[in-house]
Amino acid sequence: MTEDKRRIFDLAERHVCPGRTRTFQGLGIDLVIGRREGYRIWDLDGRELLDFHLNGGVFNLGHRNPEVVESLRAAMDTLDIGNHHFPSVARAELAAELARLTPGDLQYTVFGSGGGEAVDLAIKSARHATRRRTIVSIHGGYHGHTGLALGAGDEKYANMFLSGGAPGDFVHVPFNDLDAMAAALATGDVAAVIIETIPATYGFPMPVEGYLSGVKDLCARYGSLYIADEVQTGLGRTGRLWGVECYGVEPDILVTSKGLSGGMYPIAATVLNSRAAAWLQEDGWAHVSTFGGAEIGCRVAQTVLEITTRPDTVDNVRAMSEYLGAGLHRIRERFPDWLVEIRQKGLIFGLRFAHPQGGMLMSKALYDSGLWAMFAGYDWSVLQFKAGLLIDRAFCDESLRRFTAGVERCRAGLT
């Protein structure tokens with residue numbers, strides 16, 4: 001490790017996040033990102049890594065995508081954050097575009113600066129619309145680290161910060177268990193179900209056929225709202241613009257963030273139907289966000305949506321999903337006792353290994369082989385393997401070679 005990198009680690013451990021810094025170093029992952037371009041990153045020591053983490057989908061379009069960078073530069077020539085009290089050209093046009101591109105009758109958008117804030121707003125809107133408090137979500141779900149979002153996510157971190165709410169505020173049920181969901185909703189006091197279309201931090205387990213549409217039907221039957229958390233599964237990664245479109249679900253509220261930023265300017269959006277947005281008619285100041293919907297961020301997000309919805313981009317996602325998936329299945333055939341399950345929807349992959357910490361072990365082995373992908377936080381046997389929308393065959397071939405080397409390195413370390 002160079003002296004410069006050691007200095008950054010020391011500063012991070014003293015002033016930023018000592019626990020996380022020590023954990024990564026303990027795993028032998030001493031990454032401090034320096035240069036970044038496309039789907040490649042280089043650490044401060046100059047070592048190249050192919051990026052299959054993408055910071056949860058923030059870098060769907062790659063690091064410093066030239067068109068996204070140019071849109072930010074152009075916006076900065078004439079705009080700034082803006083004044084959140086008043087209508088603005090950039091916010092109004094982006095909101096109209098989201099209404100056009102989201103499924104069902106979603107009409108209104110409230111902007112935030114991050115996914116947790118957007119989830120908080122979704123929950124508040126559902127509670128206001130239904131005059132109920134209970135929020136149902138799944139065990140192993142993740143919705144952000146802000147107040148209500150933290151309570152709706154897995155109990156691990158909600159308990160750590162005493163954010164579980166009053167008894168009955170947040171109810172968790174097993175994923176893919178429609179009977180458990182029906183029992184929770186049958187109480188008649190549920191404001192909303194919030195669910196990631198494919199739970200990322202749980203390791204991308206796929207919804208069984210009829211599960212998500214069944215949850216939506218239950219919500220309609222019991223007067224509850226359906227909140228689709230599309231922060232990680234939205235924006236083209238599944239092959240459709242929104243993951244719920246793969247499962248025939250039209251949510252009452254849709255939350256998006258991360259990739260909407262293009263990796264260049266933070267922005268989040270909570271898109272609401274008329275019922276969920278009733279409070280906007282009553283009191284426009286009931287929820288405000290100074291930095292939510294910053295005008296230069298809106299211009300970046302418009303560019304992100306334009307690139308993501310291009311026919312060429314959609315075709316590329318379909319082709320690379322098939323190509324990369326086929327390559328991973330060949331690797332599984334070669335190492336069936338190690339790579340035991342491939343979960344896939346489009347360019348979203350959850351790879352489960354035959355060890356309780358297999359995903360974590362593979363993160364380290366792949367790091368040493370020149371590829372960065374991160375284990376699932378709530379299931380360490382699974383590696384999140386997230387490819388960008390604009391990858392090509394050459395990048396896939398190089399990635400599969402490094403992935404194979406990582407598998408061999410990991411298996412050798414276990415013997």
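How much space lies in the largest cavity? The answer is about 30 Å³. This is a predicted model, so let's take a friendly walk through it, starting with the whole protein and coming back to that cavity afterwards.

**The overall picture**

The protein contains 14 helices and 15 strands. Its radius of gyration is 21 Å, close to the 22 Å that the globule rule gives for 415 residues, so the protein is as compact as a globular protein of that length. Measured out along the principal axes, the C-alpha trace spans about 60 × 55 × 45 Å. Of the 415 residues, 54% count as buried. Among contacts with a separation of 6 or more, 72% are made by residues 24 or more positions apart.

**The cavity**

The structure holds one cavity of 30 Å³ or more. Ten names make up the lining of the largest cavity: Gly141, Tyr142, His143, Gly144, His145, Leu150, Gly153, Asp154, Tyr157 and Tyr378. By character, the lining divides into four nonpolar residues, five polar residues and one charged residue.

**One of the sheets**

Four strands form an open sheet with mixed pairing, in the order E1-E2-E3-E13. At its edges are strand E1 (33-37) and strand E13 (371-372), each of which pairs on one side only. Strands of a sheet pair through backbone hydrogen bonds, in either a parallel or an antiparallel sense. Here, strand E2 (residues 40-43) and strand E3 (residues 48-51) pair in the antiparallel sense over three bridges. If you would like a spot to look at in the viewer, tryptophan 42 stands opposite glutamate 48 in E3.

**Two leucines with positive phi**

Most residues other than glycine have a negative phi. Leucine 162 has a positive phi although it is not a glycine, and leucine 235 also has a positive value. The table sets out their details.

| Residue | Phi | Loop between | Relative accessibility |
|---|---|---|---|
| Leucine 162 | about 55° | helix H7 (155-160) and strand E6 (170-173) | 80% |
| Leucine 235 | near 65° | strand E8 (225-229) and strand E9 (253-256) | 2% |

Is each leucine buried or exposed? Leucine 162 is exposed, because its relative accessible area of 80% lies over the 50% cut-off. Leucine 235 counts as buried, because its 2% relative accessibility falls under the 20% cut-off.

Notes
Residues numbered from 1 in each chain as written. Predicted model: local features only at pLDDT ≥ 70, side-chain atom pairs only at ≥ 80, totals over all residues. Heavy atoms only, no water. 1 Å grid on protein atoms, 1.4 Å probe; cavity = no way out; pocket = protein on both sides within 12 Å on 5 of 7 lines; lining within 4 Å. Points joined across faces, edges and corners; volume = space filled by probe spheres on them. Nonpolar A, V, L, I, M, F, W, Y, C, P; charged D, E, K, R; others polar. Buried < 20%, exposed > 50% of the residue type's maximum accessible area, 1.4 Å probe, protein only. Pairing = 2+ DSSP bridges. Rg over C-alpha atoms; globule rule 2.2 N^0.38 Å. Contact = heavy atoms within 4.5 Å.
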